[in-house]
Amino acid sequence: MTPQARPGGAVVTFEHVTKRYGPPGVPPAVDDLSLAIPAGEICVLVGPSGCGKTTTMRMINRLAEPTAGRITIDGQDVRDLSAVELRRGIGYVIQQVGLFPHLTVGENVAIVPRLLRWPEPRIRERVEELLELVGLEPGAYRARYPASLSGGERQRVGVARALAADPPVMLMDEPFGAVDPILRDRLQNELLRLQAKVGKTIVFVTHDVDEAIKMADRVAILRRGGVLAQFDTPEAILSAPASEFVEHFVGADRGLKRLSLAKVRDLQLIQPLIVRVGEPRVEVRRRMEVDGTGYALLVDAADRPLGWVDSAELAADGTLTEEEATPGAPPLQPETTLRDALSTLLGSSVQLGVVTDERDRVLGLLSVDAISEVLRPDATAPRS
Amino acid sequence: MNDQPFFRIDWVIDNLDEIGGRVGEHLVMTGIAIGVGLVISFGLALLIRRVRPLYGPTIAITGALYSIPSLALFALLIPITGLSLLTAEIALVSYTLLILVRNIVAALDGVPAEVLDAADGMGFGSVERLWRVELPIALPVIVAGVRIATVTTIGLVTVTSLIGLGGLGYLIVNTGINRFFATSIYTGVALSVALAVLADVGLESLQRRLTPWARARSG
Amino acid sequence: MEFLGEVAAWFSDPASWEGRNSIPLRLWEHVSLSATALALGVLIALPIGLAIGHSGRGARAAVAITNIGRAIPSLGWLGMVLPITLVLFERGGLGFLPALIALVALAIPPIVTNTYAGLREVDRELIDAARGMGMGERRILTAVEVPIALPVILAGVRSSAVQVVATATLAAVVAGGTLGDFILQGIFVRDLPRVFGAALMVAVLALATEGLFALLQRLATSPGLRAATDVGRTS
């Protein structure tokens, strides 16, 4: 997910934007903010409460009007359009989702296309497509009412609704703030997968640093009074915080946080000695002597890992059986973040983890040492 | 009516005794209706708390009674109880039931379960518990219901003049509308509104005095 | 039993069904007076309620007016309007006008308060979402606020309707006419079967009105809201 302009998004810029709610003299909510959000990127606005992150976002679709400065989308001043026209071209997702309870799922998704007076057949087609896109089977969900949906389903409908008119820019105000951590993680992953397909410019507001680091191509950290503290990629913010405030805000465990930016597949895997069920023990012993590590990974006929075999405990003759293996840590996948991998390994008190593919076949081994290498202060975390 | 002043204060002054008497009648009829209504409603509410399934039918029946226009309900009773105070009171009491039963049940249901648990744990008998724990806690909501019922009843009592009874309705209809005499009409209406407002304010302050803890909590 | 026979006799007497004091005429007077008053009440109260509810301005005045309205007895409304219309339009030939004015005045407060309260109860997040999607203010009102508040608004119309039908009975006192007229005549001439028969019709009419509006309320509520807000009586 390297920052690169994608065709689906638009560039959003803030030029010396200030927003005051009180008279001059009262500290502003947003103070002289300038930043440029590249097209097709997820820009996360994060900061403590009262930092003006939501106000900043709401100025893009003019739910709040700047006191000074200007905001442009693809070079056009947002004030060139009427507020209503502007908003129809910008997706908007809020924490409580805001699905209209008196309308069905299909009607909710169709709101903006209807406002734009699309022909009905096109609207129907678009609704199908969007529900499909967010993983809700149209036949089963189109006619249901929001009251009958789970929190996760509601949130997906909210995203589909925001995408309805294919807007280049999406605004998301703590979209996952009201769901439980497990569901939040799933919805975050879904959004990232979706974004890989649609490539919108997404302005995402959260107060959760972990969420910011996970979701963002670029993070804007704001401090009280709407002052931009740092605007950079997550890696840069974690490895080189611009100020004490940023360092404090991202937390003392920013080393660990960097681990969540990288995946298992980003590291070089070790190829272990692999032995199969049914192999003669004499042969196994010989191969282990050549290898010199004193242990081997036992796999079944389908190459699925069964556990470890220790040369010291190997019987003299006969063939290897399944029962001989000592199980290790649960297998890791290439998509697992290094942070999760480390915690899996530490949790099972082993030094090596087996990495498997989607069919559970062995891909290689990951060592705790390799992970801690990434943590060295001067190392740059590889980005997946 | 056009030849005389719209409102003749001298008539009011000359007839203070008569007006005072009508206010008295009005208060008595209202008081009987609310008193009897409260007793019946409490009985029904306590019964409902023991036998829950009775709640729906009770509300449906008292709700239907509530929808019947007052003059019609009086009229339906006249063949049985005649043009009497009893006719009026049966109807007036019927109207209080919906509001009072609903409020008393809601008020008692609103007593926190942990409070009841604590009371049981301390060895309250069921009558003691009702009298010393549940009722005091439920009082503000019950009084709120009594206030609505009282204001409504004060208005309805005016209609009893149409079946030959007194009250402020007598000033509105008999010496007012029937004689095209505006002063009497407005005197009757104004006093009826005044009674309603005074009763409302009075009951509110009574409730505050009876439940000092509620004041401390909200203040 | 004998009495009920007399009531039936009144209903079946051909004289009760023709002329200037017939059941159909009184029933028509009752229904048309009520319907006209309710329609005018809705026409006046709904825009006021919508304006207050959407903008949030003027709520305090609305609440104050409603409270005063509630304290004035329905018979009082009829009584108060009579002298004023007499002064304004000179005497004679007024017919149902004073009664109509009183009934309209009576119909307005429940509709204003319920419309206002219904709109205010709509979640602010929904309005924010609607605005964020590019709905104009008028569309937010018609496409989001009103449909969601409809059950509460109709509950207000329902309680106005029941009250208007009830008070139309009392209109007989100032205007003559309506089914209430039979009751007053009957009391005056001690014709109890007529009193009872008319009262029966009034009661049925009131319950039918209640039922009709309850049905309307149910039909007009989006199925998506039905589970959440099963609105009962407001009074």
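The exercises below, each with a worked solution, concern chains A, B and C of a predicted model.

**Exercise 1.** Find how many residues of chain B are in contact with chain C, and work out which helices of chain B supply that side.

*Solution.* Begin with the count: 34 residues of chain B are in contact with 37 residues of chain C. Next, look for the helices of chain B that each supply at least two residues of this side, and you will find helix 3 (55-67), helix 4 (70-81), helix 7 (126-157), helix 8 (168-174) and helix 9 (182-210). Helix 9 of chain B gives the most, with nine residues. Finally, sort the side of chain B that touches chain C by class, which yields 24 nonpolar and 10 polar residues, with no charged residues.

**Exercise 2.** Repeat the analysis for the contact of chain C with chain A, taking the side that belongs to chain C.

*Solution.* This contact takes 19 residues from chain C and 21 residues from chain A. On the side of chain C, at least two residues each come from helix 6 (124-132), helix 7 (137-175) and helix 10 (223-226), and helix 6 of chain C gives the most, with six residues. Sorted by class, the side of chain C that touches chain A has 11 nonpolar, five polar and three charged residues.

**Exercise 3.** Describe how strand 14 of chain A is paired with strand 15 of chain A, and say how many residues of strand 14 are buried.

*Solution.* Start with strand 14 of chain A, residues 352-356, which is mostly covered, since four of its five residues are buried. Then follow the pairing: strand 14 and strand 15 (residues 362-367) of chain A run antiparallel and are joined by five bridges. Within this pairing, Val355(A) stands opposite Gly364(A) of strand 15. Last, turn to the hairpin that the two strands form, where five residues lie between the strands and Asp360(A) takes a positive phi near 70°.

**Exercise 4.** Decide which word describes the packing of helix 2 of chain C on helix 8 of chain C, and name the residues that make the contact.

*Solution.* Helix 2 (residues 23-55) and helix 8 (residues 179-189) of chain C pack at an angle of about 125°, with their axes 7 Å apart. Angles of 65 to 115 degrees count as roughly perpendicular and those over 145 as roughly antiparallel, so helix 2 of chain C is oblique to helix 8 of chain C. Helix 2 brings Arg26(C), Leu27(C) and His30(C) to the contact, while helix 8 brings Leu179(C), Asp181(C) and Phe182(C). By class, this contact has three nonpolar, one polar and two charged residues.

Notes
Residues are numbered from 1 along each chain as its sequence is written. Chains are lettered from A and ligands numbered from 1 in the order in which they are written. This is a predicted model: local features need pLDDT of at least 70, side-chain atom pairs count only at pLDDT 80 or more; totals for chains, interfaces and linings use all residues. Two residues are in contact if their C-beta atoms, placed from the backbone, lie within 7 Å. Ala, Val, Leu, Ile, Met, Phe, Trp, Tyr, Cys and Pro count as nonpolar, Asp, Glu, Lys and Arg as charged, and the others, Gly among them, as polar. A residue is buried if 20 or more other C-beta atoms lie within 10 Å of its own, exposed if 12 or fewer, and partly exposed in between; C-beta atoms are placed from the backbone. Two strands pair if DSSP finds at least two bridges between them. Axes are lines fitted to C-alpha atoms, for helices over the stretch in contact, and angles run from 0 to 180 degrees between N-to-C directions. Angles under 35 degrees count as roughly parallel, over 145 as roughly antiparallel, 65 to 115 as roughly perpendicular and the rest as oblique.
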